[in-house]
Amino acid sequence: MHAPLAAAAGRTASPATARLINDRLALQLLQSEGPLTAGQLKNLTGLSRPTVADLVDRLQAAGLVAVVGESGAQRRGPNARLYGIVADRAHLLGLDLRTRTLTVAVADLLGRVRAERTVPVGAPATADRPAATASDTTAAALTTALAAVDATLAEAGATGPHALAIGAPGLVDPATGRLGGSAPTWHDALIGALRDRRTGTLLLENEVNLAALAEQRDGAARDRDTFVLLWLGHGTGAAVVLDGAVRRGASGGAGEIGFLPVPGTGGLPSAAGCDGGFHSLAGSAAISRLAAEHGRPAPPADGPERTDAPPAEALVRDAVAAGDTAAAFLDALAARIALGVSGVCAVLDPGCVVLGGEIGRAGGAPLAERVADHLARLSPLRTDVRAGTVGGRAVLRGAVLAARDAAQDDLFGPAG
């Protein structure tokens with residue numbers, strides 16, 4: 001699949017553009033395949049031996065590629081050298097912003113995480129610690145968050161990121177690039193402070209869209225160019241990926257499935273809130289009530305490090321572990337989820353829906369299979385329902401991948 005691109009570049013592009021495209025092609029191969037010899041690059045790209053030799057020299061001079069060893073060939077010489085990407089050529093910063101926690105990861109140019117930490121931020125007031133003023137609370141949260149970012153960079157041996165990506169709940173206005181909705185004030189403060197540092201390309205993205213990127217590259221949707229990630233957490237949301245690209249909509253609101261009118265809620269959503277929409281059936285609070293109706297006891301609360309976890313996550317996880325004794329609850333939950341999924345399928349026909357978020361992850365394959373069964377009775381469109389596989393760091397992984405794309409676009413040249 002690589003050779004036609006290289007050949008086309010040589011026929012239709014200027015020599016300078018062709019060199020950039022060929023260089024990027026070689027770098028992408030070194031990223032996906034690992035270290036390669038010049039001969040292997042020649043075979044995989046379809047380029048001539050002199051062209052490969054020239055691009056290797058250019059990439060070495062730019063500090064992007066280095067000799068990392070030798071192949072197993074008996075004959076030594078230039079053709080036996082293994083070339084690999086210089087991973088420390090750039091560092092990436094990924095952030096996952098939640099209501100009361102922040103997770104930070106620093107990765108190298110290949111997307112390998114070198115340091116990671118999660119810290120509580122903006123903890124709620126308690127009887128022993130009364131609430132401070134809003135400005136004091138925001139200032140304290142900002143100090144904590146920036147300290148976590150700096151400490152993680154230092155641990156990874158990075159002076160600053162070449163690119164950073166931030167995943168946050170809420171809409172990201174495509175016109176202004178700013179976060180909308182009712183996010184905690186420290187979110188805006190942190191994003192602004194990181195922008196002010198001007199240490200690298202900054203990307204701000206909705207958390208569900210980043211989770212979809214992670215599932216597309218590393219998880220359940222690796223074989224799909226078109227799919228929908230249904231996020232099940234405190235609330236509900238969706239990321240729409242069509243023809244390989246995330247679709248955000250005119251105002252950044254594509255996937256606000258919590259507002260979808262569905263039967264069984266006893267009301268309708270409004271412009272002021274999603275109560276009465278799909279959120280009222282599949283949000284964490286609604287799932288907790290459904291569990292109580294089925295006699296499922298609430299499990300003990302998680303520790304303080306999980307203050308952002310939706311209560312229904314543990315309920316669903318325990319129900320899956322309980323097996324047949326919790327089958328009625330899981331079937332009822334799957335029927336609710338299938339209502340929202342059927343609406344998505346009727347409009348988009350994605351062919352594949354991945355269940356993500358804390359609750360989707362807790363339900364795993366048993367919940368996904370039940371949703372698929374109910375969906376088959378609601379929709380004539382064949383739709384594969386899958387459990388997300390990236391795990392609890394899907395948003396963070398998506399942020400690292402987005403930052404890697406931005407850094408590589410800068411360092412590797414135009415994307416063909």
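Here are three short exercises on strand 8 and its surroundings in a predicted model.

Residues are numbered from 1 along each chain as its sequence is written. In this predicted model, local features need pLDDT of at least 70 and side-chain atom pairs count only at pLDDT 80 or more, while totals for chains, interfaces and linings use all residues; side-chain values use heavy atoms, leaving out hydrogens and water.

**Exercise 1.** Find which way the residues of strand 8 point.

Solution. Start with the strand itself, residues 227–232 (strands are DSSP runs of E, at least two residues, numbered from the N terminus). Next, sort its side chains: Phe227, Leu229 and Trp231 point one way, and Val228, Leu230 and Leu232 point the other way. Finally, check their cover: 6 of its 6 residues are buried (under 20% relative accessible area, 1.4 Å probe, protein chains only).

**Exercise 2.** Find the bridge partners of Trp231 in strand 9 and strand 11.

Solution. Begin with strand 9 (residues 236–242), which runs antiparallel to strand 8 and is joined to strand 8 by 6 bridges. The two form a hairpin with 3 residues between them, and here Trp231 is partnered by Gly237. Then turn to strand 11 (residues 352–356), which pairs with strand 8 in the parallel sense over 4 bridges. There, Gly356 is the partner of Trp231.

**Exercise 3.** List some contacts of Phe227 beyond four places in sequence.

Solution. Count heavy atoms within 4.5 Å as a contact. Among the residues that Phe227 touches are Ala212, Val240, Pro350 and Cys352.

Key. Buried < 20%, exposed > 50% of the residue type's maximum accessible area, 1.4 Å probe, protein only. Pairing = 2+ DSSP bridges.
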